[in-house]
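Work through the exercises below with the model open. Each task is followed by a stepwise solution.

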Amino acid sequence: LDSLGIEFRPHLSMVEVLSKASDRLHWQSQGLPSDSLSLENGVILDHCVRFPLIIDPSGHAIAFVMNKFQDQKIQKTSFVDNAFMKTLAGAVRFGTTLLVENVESIDPV
């Protein structure tokens, strides 16, 4: 880029470009930790059209997603839940958001 005369910032952060400071503070008030990985995940959740697969060994993302989307009808379930198929069918039928936790592998249902 230098040889072409294009100006750039060497330490450009994806989080700074794709979110405002007020967004990051709001995410933290909803339970998202302030480390860089969590903030990058917050940016992805904020800009995605559909819900992505979130790998969260600490368990903070589940609480954050439930707080962030509490105004919408979001349901939480797991593959080991006895009512999983019923919850899945209800979410598909009524168009509600479904958060599936503890996904070790994705089983075709």
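**Exercise 1. Strand pairing**

In which sense do strand 1 and strand 2 pair, and over how many bridges?

Solution. This is a predicted model: local features need pLDDT of at least 70, side-chain atom pairs count only at pLDDT 80 or more, and totals for chains, interfaces and linings use all residues. Residues are numbered from 1 along each chain as its sequence is written, and side-chain values use heavy atoms, with hydrogens and water left out.

Step 1. Locate the elements. Strand 1 covers residues 74-78 and strand 2 covers residues 97-101. Helices (H or I, at least four residues) and strands (E, at least two) are DSSP runs, numbered from the N terminus.

Step 2. Read the pairing. The two strands run parallel, with 5 bridges between them. Two strands count as paired if DSSP finds at least two bridges between them.

Step 3. Check individual partners. K76 bridges to L99 in strand 2. S78 has E101 as its bridge partner there.

Step 4. Follow the connection. From strand 1 the chain passes through helix 5 (residues 84-94) to strand 2, a right-handed β-α-β crossover. Right-handed means that, with the strands pointing away from the viewer, the path from the first strand over the helix to the second runs clockwise.

**Exercise 2. After strand 2**

Find where N102 and V103 lie, and state their exposure.

Solution. Step 1. N102 is in the segment after strand 2. V103 lies in that segment too.

Step 2. Classify them. N102 is exposed because its relative accessibility is 56%. V103, at 31%, is partly exposed. The cut-offs are under 20% relative accessible area for buried and over 50% for exposed, with partly exposed in between (1.4 Å probe, protein chains only).

Step 3. Take C-alpha distances. N102 and S78 are 6.2 Å apart, with their positions 24 residues apart in sequence. V103 and F79 are also 24 residues apart along the chain. Their C-alpha atoms are separated by 7.0 Å.

**Exercise 3. The largest pocket**

Describe the volume and lining of the largest pocket.

Solution. Step 1. Its volume is about 650 Å³. A pocket is an open set of points on a 1 Å grid over the protein atoms alone, where a 1.4 Å probe fits, with protein on both sides within 12 Å along at least five of seven lines; lining residues have an atom within 4 Å of a point. Grid points are joined across faces, edges and corners, and the volume is the space filled by probe spheres set on them.

Step 2. The lining has 24 residues, and L53, I54, V100, E101 and V103 are the closest to the pocket centre.

Step 3. Assign elements. Helix 4 and strand 2 each supply at least two lining residues. Strand 2 gives the most, with 5 residues.

Step 4. Sort by class. The lining has 17 nonpolar, 4 polar and 3 charged residues. Ala, Val, Leu, Ile, Met, Phe, Trp, Tyr, Cys and Pro count as nonpolar, Asp, Glu, Lys and Arg as charged, and the others, Gly among them, as polar.

**Exercise 4. Salt bridges**

How many salt bridges does the structure hold?

Solution. Step 1. There are 2. The criterion is a side-chain nitrogen of Lys or Arg within 4 Å of a carboxyl oxygen of Asp or Glu.

Step 2. E16 pairs with R9, with the closest N and O atoms 3.5 Å apart. E16 is partly exposed at 48%, and R9 is exposed at 53%.

Step 3. D46 pairs with K68 at 3.4 Å, N to O. This pair links distant parts of the chain: D46 sits in helix 3 (residues 36-47) and K68 in helix 4 (residues 60-68), 22 residues apart. D46 is partly exposed, at 35% relative accessibility.
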